[in-house]
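Please take a moment with the sequence and the model before reading on. We shall begin with one strand and then turn to its neighbours and to a pocket.

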Amino acid sequence: MDSLQFTAESSSNGMVERDFTVGDVPGVLWSPASGADRAPVVLLGHGGGNHKKSPAMAGRAQRLVTGCGFHVAVIDAPGHGDRPRTAHDEQEIAVMQRAMAAGEPVGPIVVRYNAHLAELAVPEWQATLDALQELPEIGADGPVGYFGINMGTAIGVPLVAIEPRITAAVFGQHWPDVLAEKAKQITIPIEFAMQWDDEHIPREAGLALFDAFASKEKTLHANAGRHKDLPRFEADSAVRFFARHLGRGVTSPA
């Protein structure tokens with residue numbers, strides 16, 4: 001098993017930020033600045049074209065760390081962030097860009113490319129979770145959550161489907177094509193966000209993916225607006241969801 005190696009550390013706004021590697025996979029772990037008490041960890045999956053420290057990841061981490069006292073971990077997906085792109089990555093990105101420029105549907109390309117990335121990323125996330133649970137402040141028996149939208153859902157659904165350590169998850173904004181069969185294997189509580197007027201993911205597609213989850217507790221959050229109009233308050237809702245299911249109350253940041 002690859003161990004976790006910390007490579008840098010800084011602190012601000014009530015959080016300690018530690019860069020790490022597990023094998024050749026780079027990541028970041030955000031933790032509460034005060035106290036070394038054992039606490040749950042939430043794994044964040046970033047969106048396509050983004051990286052582990054994108055504003056969305058840092059913002060969600062801030063809410064979860066300072067609001068709930070959780071640890072939050074993100075790793076760069078294959079071909080993203082500090083990881084090199086392969087020839088396959090470059091080819092798929094070029095095909096996507098041509099389709100967008102021509103006004104053609106990008107869904108089939110994104111679905112295909114994200115499925116490829118998920119095959120690589122799921123075992124990387126499992127190895128990262130193994131390494132994180134070796135840390136005394138996280139431990140092997142603590143609750144684990146997963147939070148990922150868009151590509152974070154494409155990677156997160158197959159991960160959660162086979163990873164029993166994850167006990168609550170937030171997903172959203174993806175097509176059901178590859179994911180529906182995996183979603184049928186998921187029974188843990190989930191929250192699912194979609195945009196009612198999404199120009200890329202048809203309303204029926206978003207509803208089909210939500211419907212596929214076998215969870216007895218699953219909540220659909222459908223907001224008016226286009227693909228990139230997902231309201232920021234959905235991140236606050238996700239924090240409350242994890243507070244309920246991972247066992248920590250929410251406190252308002254000072």
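From strand S8 (190-195), Ile190, Phe192 and Met194 point one way, while Glu191, Ala193 and Gln195 point the other way, and all of them are buried, meaning under 20% relative accessible area with a 1.4 Å probe and protein chains only. Because 6 of the 6 residues of S8 are buried, the strand is largely enclosed by the rest of the structure. This is a predicted model, in which local features need pLDDT of at least 70 and side-chain atom pairs count only at pLDDT 80 or more, whereas totals for chains, interfaces and linings use all residues. Residues are numbered from 1 along each chain as its sequence is written, and side-chain values use heavy atoms, with hydrogens and water left out.

Strands here are DSSP runs (E, at least two residues) and helices likewise (H or I, at least four), numbered from the N terminus; two strands pair if DSSP finds at least two bridges between them. S7 and S8 run parallel and are joined by 4 bridges, with Phe192 as the bridge partner of Phe171. S8 is also joined to strand S9 (residues 218-223) by 6 bridges, again in parallel, and Ala193 stands opposite His221 in S9.

The largest pocket (an open set of points on a 1 Å grid over the protein atoms alone, with protein on both sides within 12 Å along at least five of seven lines) has lining residues with an atom within 4 Å of a point. Its lining has 48 residues, of which Gly47, Gly48, Asn50, Asn150 and Lys228 lie nearest the centre. S7 and S8 are among the elements that each supply at least two lining residues, but the largest share, 6 residues, comes from H1.

Technical notes:
On a 1 Å grid over the protein atoms alone, a cavity is a set of points where a 1.4 Å probe fits but cannot get out, and a pocket is an open set with protein on both sides within 12 Å along at least five of seven lines; lining residues have an atom within 4 Å of a point. Buried means under 20% relative accessible area, exposed over 50%, partly exposed in between (1.4 Å probe, protein chains only).
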